[in-house]
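Trainee: Could you help me read this structure and its labels?
Mentor: Gladly, let us look together.

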Amino acid sequence: MSFAKRGRSLSVSGFLLAGAIGIISSTQTWLTVERADAGEAILVPGASALVLLAPLSLAVLALGAALAIAGKAVRLVFGVVAAVTALFLGWSTIQLLLGEPLDAVAATVTEVTGLAGGVATHEIVASIVPSAWPYIALVGWVILLAASIVVLTTWRGWKAGGRRYRTDQADVPHDGPVDAVDSWDELSRGTDPTR
């Protein structure tokens, strides 16, 4: 089986895996805030550290499921959307890891301490330590980008999918009596089986 023929299964698997990694990581602790006032450390989940993490991960899961039955033009659009999503989430995660993630923890710090504002947040935060989850999420975004590249390079060679969901099928002549299943099929095609 050639690479082009396996493109659909590789792409769908990559999308679903990346989306699952994103959803799981959104519920896990990404950053631990050590407090300057010697209070208990504040744990910041991925969904709070990176606000678009959970919704975009769900969108990637939906793209993966829909990609299995998508037509040619839609495959191309899905590949582009997934590539842009992978680049955006990857860039956001790298910025969070390399930069000063004070903005990423501000909402959680305010929720726990009741202190709001940049100065108050800066005074209470002694250090911010990332966990392994942002790095695991980065692996997911690399997988998503690779799956998107597979879609963009192989989408023309895929077999047509989703034929069973179409309503534009030609009328099928019946040689014998019409049963209940045939009647339902004709109704699905938009024809009246009683004529």
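Trainee: Leaving aside its neighbours within four places in sequence, which residues is Ala147 in contact with?

Mentor: Ala147 is in contact with Ser11, Gly14 and Phe15, where contact means heavy atoms within 4.5 Å. Before we go on, please note that this is a predicted model, in which local features need pLDDT of at least 70 and side-chain atom pairs count only at pLDDT 80 or more, while totals for chains, interfaces and linings use all residues. Residues are numbered from 1 along each chain as its sequence is written, and side-chain values use heavy atoms, with hydrogens and water left out.

Trainee: How far apart are Ala147 and Phe15 in sequence and in space?

Mentor: In sequence, 132 residues separate Ala147 and Phe15. In space, their C-alpha atoms are 6.5 Å apart. Ala147 belongs to helix 7, residues 133-154.

Trainee: Why is Ala147 called buried?

Mentor: Buried means under 20% relative accessible area, exposed means over 50%, and partly exposed lies in between, with a 1.4 Å probe and protein chains only. Ala147 has a relative accessible area of 5%, so the residue counts as buried.

Trainee: And Ser25: buried or exposed?

Mentor: Ser25 has 0% relative accessibility, so Ser25 is buried. This residue lies in helix 1, residues 7-26. Leaving aside neighbours within four places in sequence, Ser25 is in contact with Trp30, Gly46, Leu53, Trp133 and Ala137.

Trainee: How many helices and strands are there, and what makes a run count as one?

Mentor: The chain has 8 helices and 3 strands. Both are DSSP runs, numbered from the N terminus: a helix is H or I with at least four residues, and a strand is E with at least two. Read along the sequence, the pattern is α-β-β-α-α-α-α-α-β-α-α.

Trainee: How do you know that strand 1 and strand 3 pair?

Mentor: Two strands pair if DSSP finds at least two bridges between them. Strand 1, residues 29-35, shares 5 bridges with strand 3 in the antiparallel sense, so the definition is met. Strand 1 is also joined to strand 2, by 4 bridges, and these two run antiparallel as well. Thr32 stands opposite Val129 in strand 3 and opposite Leu43 in strand 2.

Trainee: What is the order of the strands in the sheet?

Mentor: The order is 2-1-3, in an open sheet of 3 strands with antiparallel pairing. Strand 2 (42-45) and strand 3 (125-130) are at the edges with a single partner strand each, so one side of each has no neighbour in the sheet.

Trainee: Where do the side chains of strand 2 point?

Mentor: They alternate: Ile42 and Val44 point to one face and are buried, whereas Leu43 and Pro45 point to the other and are not. In a regular strand the side chains alternate between the two faces of the sheet.

Trainee: Why is the link between Arg35 and Asp37 called a salt bridge?

Mentor: A salt bridge is a side-chain nitrogen of Lys or Arg within 4 Å of a carboxyl oxygen of Asp or Glu. For Arg35 and Asp37 the N to O distance is 2.8 Å, so the pair fits the definition. A search of the whole structure finds 1 salt bridge. Asp37 has 43% relative accessibility, so Asp37 counts as partly exposed.

Trainee: What makes the nonpolar surface patch, and why can Leu76 take part?

Mentor: Leu76, Val80, Val84 and Leu152 make the patch, which is about 290 Å². Patches are made of residues with over 30% relative accessible area and no salt bridge; like charges are joined within 9 Å, and nonpolar side chains (Val, Leu, Ile, Met, Phe, Trp, Tyr) within 5 Å. Accessible areas come from the Shrake-Rupley method with a 1.4 Å probe, and for residues only the protein chains shown count as cover. At 32% relative accessibility, Leu76 counts as partly exposed, so Leu76 passes the 30% cut-off. Leu76 is found in helix 4, and helix 4 (residues 72-98) gives the most to the patch, with 3 residues.
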